[in-house]
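Biologist: Could you take me through one part of this model up close? I'd like to hear about the sheet and whatever is packed around it.

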Amino acid sequence: MRSFLSTLVGSFAHPAAENPTVAIVQASFEATGVDARYINCDVLPDALGDAVRGAVAQGWRGFNCSLPHKVAVVPLLDELAESAQIIGAVNCVVIRDGRLIGENTDGRGFVEAMRELRDPAGQEVVIFGAGGAARAIAVELALGGASRITIVNRDKARGEALAGLVADSTDASSTFVEWVGDFALPASADIVVNATSVGLYPDVHARVAVEQSTFLPRMLVADVITNPPRTRFLGEAEASGCATIDGQGMLANQAAVALQLWTGIDADKDAMRRELRSLFPGEN
Ligand code: NDP
């Protein structure tokens, strides 16, 4: 019989919606024999400071931050990892010897999933979207050595701001293209990413506006959408002969990066992928 839990981690969000990370992290803990719990906490904006101090006081190893806390948590931390500093948002806090270190594992999870197929170094990337997911992916790909990042977005101000951030803060070059009608992918693109919410359940038939004839078999095509994993966008890319990465790969890998930071133990990614598949099995 256990007298106490060795490790507590969790998520601070408001409202605390159903969170697949609870199930996938727990699946990895069970598969790797780690005596720990991941707890989903509803933390009101005014209570964030108390929640953070409570986590330290209770010996938590760390926690994820979801909206609206990703930016508000920054002044409460002792240190920021490079990507979190550039992105300006933290989705993962590591508590080490009482010190709070802010990380952003969204982009790292994406790049880890991508590295299973291709190294981003020297690659030319097209990213659709300029929200939080696009920001994390663009910065992490640039830090991973991508040579050029084109941001394609409807909202001009948001798209220009992200392209400017990448160009000013990393060694990659970056430009913005306003998204009007079907976008024709440049033949020089190596990696293409849908980082918008287009295709997310229940709007599974919504179309990412790309000219399908411009997908080339050498392009690696990725989608951030976790539900369903096989999106219409990925289906169109596969029909053109492209290799693809789905959003569940990104989610499992960002949880694996967080678990390694919190516990020092490699997560069981296969157990997490199986859990995600059982939660969101759907095709588009
Ligand atoms: P944001 O709200 O910050 O950004 C949404 C982006 O999608 C914006 O760029 C927006 O464009 C664009 N967009 C929305 N609707 C359309 C449309 N109809 N046509 C074209 N562009 C559109 O969201 P996030 O960046 O936080 O999240 C985006 C998606 O990524 C979500 O579905 C989320 O679930 C997923 N995600 C997946 C993760 C994973 O691990 N797999 C991790 C994090 C997020 P505009 O600026 O013009 O409004």
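Modeller: Sure, and keep in mind that this is a predicted model. Let's start with β10 and β11, which run parallel and are joined by four bridges. One residue to look at there is Asn194, whose bridge partner in β11 is Asp223. Now zoom out a bit: the pair belongs to an open sheet of six strands, paired in parallel and ordered β9-β8-β7-β10-β11-β12. At the edges you'll find β9 (173-178) and β12 (243-245); each has a single partner strand, so one side of each has no neighbour in the sheet. From one strand to the next, the twist averages 20°.

Next, what sits on the sheet? α6 packs on it, touching β7, β8 and β10, and its direction makes about 175° with that of β7. That helix also matters for the largest nonpolar core, which has 34 residues. Seven of them come from α6, the largest share. Phe110, Ile127, Ile137, Leu141, Ile149 and Ile151 have the most contacts inside this core. Elements that each supply at least two residues include α5 (105-115), β7 (124-128), β8 (148-153), β10 (191-194) and β11 (220-223). Domain 1 (7-103 + 249-279) and domain 2 (108-245) both contribute residues, so the core lies between them.

Click on Phe110 for a good view: setting aside neighbours within four places in sequence, Phe110 is in contact with Ile137, Leu141, Val193, Ala222 and Met250. There's also a second, separate core of 23 residues, with Ile24, Phe29, Ile101 and Leu276 among them.

Terms used: Residues numbered from 1 in each chain as written. Predicted model: local features only at pLDDT ≥ 70, side-chain atom pairs only at ≥ 80, totals over all residues. Heavy atoms only, no water. Core = buried A, V, L, I, M, F, W, Y, C linked by side-chain atoms within 4.5 Å. Buried < 20%, exposed > 50% of the residue type's maximum accessible area, 1.4 Å probe, protein only. Domains from an automatic or database assignment. Contact = heavy atoms within 4.5 Å. Pairing = 2+ DSSP bridges. Axes fitted to C-alpha atoms, helices over the stretch in contact; angles between N-to-C directions.
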